[in-house]
Amino acid sequence: LLANWRGRMYFEILLSSSSRWDLLTLISGGRFGGQDTHVKDLFVRVTRESPIFGFGFGAEHMFDSTYAEFFVSGGAVSILLLLGLFAVLAWVGTKAAFADLEEGRLLVAIVVLLAGAGIGAPTVTINRFSTVLWLLVVLILGAIHCWRFPPAGPQSGLLRHGPPRSVGPA
């Protein structure tokens with residue numbers, strides 16, 4: 001079974017200690033590291049020409065990485081905002097996880113997966129996936145918010161318990 005697998009060579013290279021590629025090249029599938037690639041060329045070009053604000057939207061149509069997409073489109077400002085978003089979501093998730101909420105653990109896991117997968121794909125903005133992803137994140141944040149700020153009483157908001165009370169004489 002493994003003898004006929006097309007990815008066997010790449011798997012063996014990953015496990016080999018005497019590889020001609022550095023670790024970053026191996027982990028990123030050649031997108032970053034010692035070799036010249038389109039993504040690496042984009043990073044270098046943006047760093048030279050417009051490192052603070054990038055080239056704006058529409059400067060490049062295909063991205064192989066969340067970080068490349070944000071850096072090319074918005075420069076260092078955009079990357080810092082992205083990393084700040086990841087940090088805030090991880091902080092909220094960690095805080096909720098320490099309060100024994102499963103939603104918190106799920107949120108931390110999503111952030112870790114997003115940050116890791118962002119090396120090889122534009123996970124934050126990719127078609128269809130990002131719609132489901134951000135809907136899930138908002139629902140998790142809503143669940144955590146409801147846990148942190150429970151309704152004050154039986155009549156508060158939409159979460160009424162029992163029939164509404166009448167006000168005044170009948």
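Is Glu 49 buried or exposed? Glu 49 is exposed, at 53% relative accessible area, and the legends below come back to it. This is a predicted model, where local features need pLDDT of at least 70, side-chain atom pairs count only at pLDDT 80 or more, and totals for chains, interfaces and linings use all residues. Residues are numbered from 1 along each chain as its sequence is written, and side-chain values use heavy atoms, with hydrogens and water left out.

**View 1. The whole protein is built from six helices and zero strands.** Along the sequence the pattern reads α-α-α-α-α-α. Helices (H or I, at least four residues) and strands (E, at least two) are DSSP runs, numbered from the N terminus. Of the 170 residues, 29% count as buried; buried means under 20% relative accessible area, exposed over 50%, and partly exposed in between (1.4 Å probe, protein chains only). The protein exposes about 11,900 Å², with carbon and sulfur atoms supplying 67% of that. Accessible areas come from the Shrake-Rupley method with a 1.4 Å probe, and for residues only the protein chains shown count as cover.

**View 2. Arg 45 and Glu 49 form a salt bridge within helix H3.** Their closest N and O atoms are 3.8 Å apart. A salt bridge here is a side-chain nitrogen of Lys or Arg within 4 Å of a carboxyl oxygen of Asp or Glu. The two residues sit four apart in helix H3, so about one helical turn separates them. Arg 45 is partly exposed at 38%. As background, side chains of opposite charge can pair when their charged atoms come close.

**View 3. Arg 105 meets Asp 100 in a salt bridge.** The structure holds two salt bridges, and in this one the closest N and O atoms are 3.9 Å apart. Asp 100 is exposed at 60% relative accessible area, while Arg 105 is partly exposed at 40%.

**View 4. One aromatic pair turns up in the count.** The ring centres of Phe 43 and Phe 71 are 5.2 Å apart with planes at 15 degrees, so the pair is stacked. The rule: rings of Phe, Tyr and Trp (its six-membered ring) pair if their centres lie within 6.5 Å, and planes under 30 degrees apart count as stacked, over 60 as edge-to-face and the rest as tilted. Phe 43 belongs to helix H3 (residues 38–49) and Phe 71 to helix H4, so the pair ties together parts 28 residues apart in sequence. Phe 71 is buried at 11%, whereas Phe 43 is partly exposed at 23%.

**View 5. Thr 66 is tucked into helix H4 (residues 66–98).** Thr 66 is buried, at just 1% relative accessible area. A polar atom of its side chain lies 2.9 Å from the backbone nitrogen of Thr 123. Leaving out residues up to four places away in sequence, Thr 66 touches Leu 82, Gly 118, Ala 121, Pro 122, Thr 123 and Val 124; a contact means heavy atoms within 4.5 Å.

**View 6. Ile 52, Phe 53, Val 77 and Leu 81 make a nonpolar surface patch.** Together they offer about 420 Å² of accessible area. Patches are made of residues with over 30% relative accessible area and no salt bridge: like charges are joined within 9 Å, nonpolar side chains (Val, Leu, Ile, Met, Phe, Trp, Tyr) within 5 Å. Leu 81 is found in helix H4 and is exposed at 60%.

Note on methods
A polar contact is a pair of N or O atoms within 3.5 Å; within protein, one must be able to donate a hydrogen and the other to accept it, and residues adjacent in sequence count only if both atoms are side-chain atoms.
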